[in-house]
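User: I am new to this structure and would like a close look at a single part of its surface. Please take me through that part with care, and then place it within the chain as a whole.

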Amino acid sequence: MNRSLQTLQERRWLPIKMIFFGIFVGIVSAFVTVGYRFMLQYAESILFDVIEFTSRSFAYIALWIVCLMILAFFVSKIAAWESMCSGSGIPQVQGEIKGYFDVNWWKLLISKIVGGTLCILGGLSLGREGPSVQLGAMAGKGLAKVTKQNKTKERYMITCGAGAGLAAAFNAPIAGVVFALEEIQKNFNASMLVCVLAGCVTSDFISKNAFGLSPVFHFHIPDVIPLRYYGFLLLFGAILGLLGVLYSTLLLKGQDFYGKLKKVRPELRMMIPFLCAGILAYTLPDVLAGGHAMIELVYNECPALSVLVILLLVKSLFSAISFGSGAPGGIFFPLLIAGAYAGAIYGSIVCDLFGISEIYLASFIILGMAGFFTSIVRAPITGIILIAEMTGGFEHLLPLAVVAITSYMIAHITEVEPIYESLLARNIAKAGKSENNPDKDGTVVMTFIVGSESIARDEAVANLPWPEHSVIAGIQRGPMEIVPRGDTIIRSGDTLLVIGEKEYLKMIVDAYQIISGEVEVDIPL
């Protein structure tokens with residue numbers, strides 16, 4: 001039988017096969033991510049124990065500052081050993097999916113875990129969630145390499161691992177699925193969906209066995225915000241949209257600052273955030289590490305408005321200093337903390353000025369996280385589902401959606417790129433690559449469904465501007481399987497089997513999406 005027709009027939013069983021692939025990837029990703037999460041928890045606990053002990057004596061403080069400089073030295077060496085471990089990790093995974101990078105998976109796993117743990121031990125304001133996405137993705141890639149899968153299956157497993165990593169980091173399986181499809185893959189089909197879903201559910205099951213069933217944030221929200229207050233939510237969403245743009249700009253400016261220090265040795269550049277952490281350890285320790293102390297503070301004590309503002313400003317600035325250095329760690333959790341404080345500030349003002357009951361203050365905190373995340377990342381569905389799962393309740397979906405959509409709209413109007421898109425572009429430039437010239441690494445098999453509005457409908461194969469470096473190997477029309485010729489007429493609803501060079505993956509996908517009028521559907525050989 002013709003190879004292309006055989007592949008089309010195998011597509012019928014693809015969703016079932018991908019469920020098992022997803023389960024295997026979920027298991028491997030969960031063990032990696034859960035282990036990383038345990039290490040960060042212990043590192044953060046040790047950090048605050050050290051701060052409490054050393055604060056008794058100036059000599060101890062000086063000794064800890066010296067230890068921080070040593071940590072900075074080792075982190076800089078780790079980042080030099082594997083450059084792709086620097087930063088969040090989410091842009092690197094996006095680049096891997098698009099074909100720009102081909103990361104050494106085992107080096108990445110070692111460097112990210114060790115480097116990220118040392119950064120949290122030092123108190124840098126970095127999150128575990130972005131790294132967890134990258135670790136899960138590289139665990140999926142490693143499994144694909146070990147089992148000798150082709151490039152198309154490898155992309156599936158990387159995407160699945162990314163979602164599974166987020167699910168394990170946040171105890172949020174649905175958010176893991178949505179994030180993998182909305183932010184990492186940016187399209188999906190039935191096979192991709194069931195693969196990622198199986199991986200995220202499996203990963204979440206293992207994570208909950210390790211950390212318990214409780215959500216990440218233990219917010220008690222007695223009641224949903226009444227509909228009569230939704231005008232305040234629209235205004236809040238608009239404010240968060242602007243604040244998110246400012247936060248994104250601040251993070252990029254942090255990278256620019258370190259970029260101007262090219263003549264300074266990398267070890268010395270890395271000492272800047274560690275030195276700041278040492279100073280803050282004895283002046284404002286709540287802003288250190290991911291930000292769990294800040295969440296507990298704002299929820300349990302709800303400090304005065306001036307304290308909230310100071311903590312928000314210092315945390316944001318310190319996050320930019322920490323992230324801009326290139327240290328292994330993400331911005332995911334710190335930006336959620338910033339959003340929570342923006343919500344606490346806005347909620348406090350609104351409650352005081354307009355006599356709104358303070359029982360809704362916790363609602364404004366979680367709305368702040370969702371809106372701030374959406375403004376910065378531009379993934380509104382992920383933001384809504386993530387916060388709902390993290391807080392343990394879906395009864396707030398409507399107010400979350402109102403704030404997230406408003407925030408998204410305002411941020412989009414500013415024409416400032418989503419943070420991960422900006423970071424991906426910078427990583428591509430740093431690696432000396434062009435966005436139109438990703439890594440050469442084999443071929444990928446894809447299918448595209450011809451839509452009713454497609455320019456390919458009722459046209460002969462030879463008459464359409466198919467992109468170079470690709471070939472239409474087969475057409476499936478209902479139960480019929482057709483080997484295409486130049487005079488073959490394409491019909492609405494046809495499934496086109498396309499083989500393309502991975503080197504030109506982005507160009508091929510973009511062209512076929514325009515011609516076919518539908519989204520990409522990958523299938524493994």
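Analyst: In this predicted model, a nonpolar patch on the surface is formed by Ile 16, Ile 19, Phe 20, Phe 24, Ile 27, Val 28 and Phe 31, which together have about 640 Å² of accessible area. One of these residues, Phe 24, lies in helix H2, which runs over residues 14-54. Because its relative accessibility is 49%, and exposed means over 50% whereas buried means under 20%, Phe 24 counts as partly exposed.

The patch belongs to a protein chain of 525 residues, of which buried residues make up 59%. The chain exposes about 20900 Å², and carbon and sulfur atoms supply 65% of that area. There are 19 helices and five strands in the chain. Among its contacts between residues at least 6 apart in sequence, 83% join residues at least 24 apart.

For a view of covered residues, one can turn to helix H16, made up of residues 380-391, where eleven of the twelve residues are buried. Those buried residues are Pro 380, Thr 382, Gly 383, Ile 384, Ile 385, Leu 386, Ile 387, Ala 388, Glu 389, Met 390 and Thr 391. Their cover includes helix H7 (151-170), helix H8 (173-185), helix H14 (332-354), helix H15 (361-377) and helix H17 (397-413). From its first C-alpha to its last, H16 reaches 17 Å, which is close to the 16 Å expected at 1.5 Å a residue.

Two of the helices that help to cover H16, namely H7 and H8, also lead to a pair of loop residues that deserve attention. Most residues other than glycine have a negative phi. Lys 148, however, has a positive phi, near 60 degrees, and its place is in the loop between helix H6 (129-146) and H7. Asn 171 likewise has a positive phi, near 55 degrees, and is found in the loop between H7 and H8. The surroundings of these two loop residues can be set side by side: Lys 148 counts as exposed because its relative accessibility is 74%, whereas Asn 171, at 6% relative accessibility, counts as buried.

To return to the part you asked about, the patch is made up of isoleucine, phenylalanine and valine residues, and Phe 24, its member in H2 described above, falls in the partly exposed class at 49%.

Definitions and conventions:
Residues numbered from 1 in each chain as written. Predicted model: local features only at pLDDT ≥ 70, side-chain atom pairs only at ≥ 80, totals over all residues. Heavy atoms only, no water. Patch = residues over 30% accessible without salt bridge, like charges linked within 9 Å, V, L, I, M, F, W, Y side chains within 5 Å. Areas by Shrake-Rupley, 256 points an atom, 1.4 Å probe, with all protein chains shown as cover. Salt bridge = Lys/Arg side-chain N within 4 Å of Asp/Glu carboxyl O. Helix = DSSP H or I, 4+ residues; strand = E, 2+ residues; numbered from the N terminus. Buried < 20%, exposed > 50% of the residue type's maximum accessible area, 1.4 Å probe, protein only. Contact = heavy atoms within 4.5 Å. Expected span 1.5 Å × (residues − 1).
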